[in-house]
Amino acid sequence: MIEIERKFLVSSDAFKEEAHNKVPLIQGFLNTHKERTVRVRLMGDLGFLTVKGLSSKDGLSRFEWEKEITAKDAKELLNLCESGIIDKIRYEVKLKNHTFEIDEFFGENEGLVVAEVELNHENEIFERPNWLGAEVTGNPKYYNAQLSKKPFKTWKL
């Protein structure tokens, strides 16, 4: 139940042509305590309830527990969430042994595009696609829980 991932900004829309899957995603947070978050997600026709623990110091790993729930339950739970619902489209791009999940944000986070790649261990080597930009692993402002509170459009760039 430990998730290991690296997170990057995306430097171009080229990933869209490489994507083998694309799904709309709405998510909210029932709890955004710094030591744990409880997330509700509606991903296409599927619902999920996820608990995430505190990140490691380098931001590479943290506890994650996820359970599939009905879309109906997810929609009802989204009504109970803290303010700041996240609206995005998730694209999936397979590159050799890894799948990159690229999130294109809308609403208050429009203009932000972030890619994540899950790894089996922290030092795992993976091929970097040419559209992968600067690494932001461990930077809490790119966590969805933080984006729900301080959206990208409010950042001073």
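**Exercise 1. Burial.** Determine what share of the residues of the chain in this predicted model counts as buried.

*Solution.* Begin with the cut-off, under which a residue is buried when its relative accessible area is under 20%. Applying this to the 157 residues of the chain, one finds that 47% count as buried. Then turn to the surface, where the chain exposes about 8,900 Å², with carbon and sulfur atoms supplying 50% of that area.

**Exercise 2. Overall dimensions.** Explain why the radius of gyration of the chain agrees with that of a compact globule.

*Solution.* First take the expectation, which for 157 residues is a radius of gyration near 15 Å. Next take the value for the chain, which is 15 Å, so the two agree. As a further step, consider the box filled by the C-alpha atoms, which spans roughly 40 × 35 × 30 Å along the principal axes.

**Exercise 3. Order of elements.** List the helices and strands of the chain as they follow one another along the sequence.

*Solution.* Start with the count, which gives 3 helices and 9 strands. Reading along the sequence then yields the pattern β-α-β-β-β-β-α-β-β-β-β-α.

**Exercise 4. The partners of β2.** Work out how strand β2 pairs with β6 and with β3.

*Solution.* Take β6 (residues 86-95) to begin with: β2 (residues 21-33) pairs with this strand in the antiparallel sense over 7 bridges, and within that pairing V23 has R90 as its bridge partner. Continue with β3 (residues 36-43), which runs antiparallel to β2 and is joined to that strand by 8 bridges, with F29 standing opposite R39. Finally, examine the connection between β2 and β3, which is a hairpin through 2 residues.

Note on methods: Residues numbered from 1 in each chain as written. Predicted model: local features only at pLDDT ≥ 70, side-chain atom pairs only at ≥ 80, totals over all residues. Heavy atoms only, no water. Helix = DSSP H or I, 4+ residues; strand = E, 2+ residues; numbered from the N terminus. Rg over C-alpha atoms; globule rule 2.2 N^0.38 Å. Buried < 20%, exposed > 50% of the residue type's maximum accessible area, 1.4 Å probe, protein only. Areas by Shrake-Rupley, 256 points an atom, 1.4 Å probe, with all protein chains shown as cover. Pairing = 2+ DSSP bridges.
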